[in-house]
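Hi,

Here is the structure I said I would pass on. Have a look at it first, and my notes follow underneath.

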Amino acid sequence: MNSKVICPISGKPMLPSFSGTVLGKYNVEYFYCEESGLLKTESPFWLEEAYTNAISDTDTGLVERNIHNSHILETIIECLGLSKGCLLDVSGGYGMLARLLRDKGFDCYTTDKYCQNIFAKSFEPKENFKAQSLFAFEVLEHLDDPTLFLTEIFEKYQCKTLVFSTLTFQGC
């Protein structure tokens, strides 16, 4: 393993922090950036295998989190005046959040290249889709380069507003 890992946010070298097991079988090194606060793994060589099942069968909080997020987003959308445009849940999994927001009257769509859209099948963005706002819940912590992902989605959907959540921790 190359010990010189560069933070995709700050561009600074990251410090080895600890190792852990991924997918129950791969020993993986984790690195921490003191400047950005980012904790990330070594280059994720296991992603193709991990995304054969994008959502774990053991994720018992999936429905509850989506319902909770839809309530929070309803308030944010109304407060920021975003309710008149198209909304897009990027990496939206089964499409549950988009479905819940549509049920509340919002023009919400979903996309996820690793997961089958079950709940909002008719509401995936077509070519040249433009969004008023993007949502990314539980996404950024899974990316090798979150800055690149954000740059790409902002450009693709011609949007400058992102509402997101990510897993946080108390620094190393």
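Helix α4 lies across β5, β6, β7 and β8, and its direction is at about 150 degrees to β5. Keep in mind that this is a predicted model. The helix itself covers residues 146-157, and together with β7 and β8 it makes a right-handed β-α-β unit.

One residue in there that I looked at is leucine 150, which sits in α4. What does leucine 150 touch once its neighbours within four places in sequence are set aside? The contacts are Leu140 and Leu162. Leucine 140 is ten residues away from leucine 150 along the chain, and their C-alpha atoms are 8.9 Å apart.

Now the sheet under that helix. It is an open one with four strands in the order β6-β5-β7-β8, and the pairing is parallel. At its edges you will find β6 (108-111) and β8, each of which pairs on one side only. From one strand to the next the twist averages 20 degrees.

Going through the pairs in that sheet:

- β5 and β6 run parallel and are joined by four bridges. Aspartate 89 has threonine 110 in β6 as its bridge partner.
- β5 (residues 87-90) is also joined to β7, by three bridges, and these two run parallel. Here leucine 88 is partnered with leucine 134 of β7.
- β7 (residues 133-137) and β8 (residues 162-165) are parallel too, with four bridges between them. If you want a landmark, phenylalanine 137 is opposite serine 165 in β8.

There is another right-handed β-α-β unit, made by β5, α3 and β6. Its helix, α3, lies across β5, β6 and β7 and runs at about 175 degrees to β6.

α3 also packs against another helix. How do α2 and α3 cross? The axes of α2 (residues 62-80) and α3 (residues 96-103) come within 9 Å of each other, at a crossing angle of roughly 50 degrees. That angle falls between the 35 degree limit for roughly parallel and the 65 degree start of roughly perpendicular, so α2 counts as oblique to α3. As for hand, the crossing is right-handed.

On the α2 side, the residues that meet α3 are Val63, Asn66, Ile67, Asn69, Ser70, Leu73 and Ile77. On the α3 side they are Met96, Leu97, Leu100 and Leu101. Sorted by type, the residues of this contact come out as eight nonpolar and three polar, with no charged ones.

Last, the other sheet. This one is open as well and has four strands, in the order β1-β2-β3-β4, but the pairing is antiparallel. Why is one side of β1 and of β4 left without a neighbour in the sheet? Both stand at the edges, β1 at 5-6 and β4 at 39-41, and each has a single partner strand, so nothing in the sheet flanks the remaining side.

Inside that sheet, β2 (residues 13-22) and β3 (residues 26-32) run antiparallel and are joined by seven bridges. One pair to look for is valine 22 with tyrosine 26, its bridge partner in β3. When you go along the strands, remember that side chains in a regular strand alternate between the two faces of the sheet.

That is what I have so far. Over to you!

Cheers

Conventions:
Residues numbered from 1 in each chain as written. Predicted model: local features only at pLDDT ≥ 70, side-chain atom pairs only at ≥ 80, totals over all residues. Heavy atoms only, no water. Pairing = 2+ DSSP bridges. Axes fitted to C-alpha atoms, helices over the stretch in contact; angles between N-to-C directions. Parallel < 35°, antiparallel > 145°, perpendicular 65-115°, else oblique. Left-handed = near helix turned anticlockwise from the far one by under 90°. Contact = heavy atoms within 4.5 Å. Nonpolar A, V, L, I, M, F, W, Y, C, P; charged D, E, K, R; others polar. Right-handed = clockwise from strand over helix to strand, strands pointing away.
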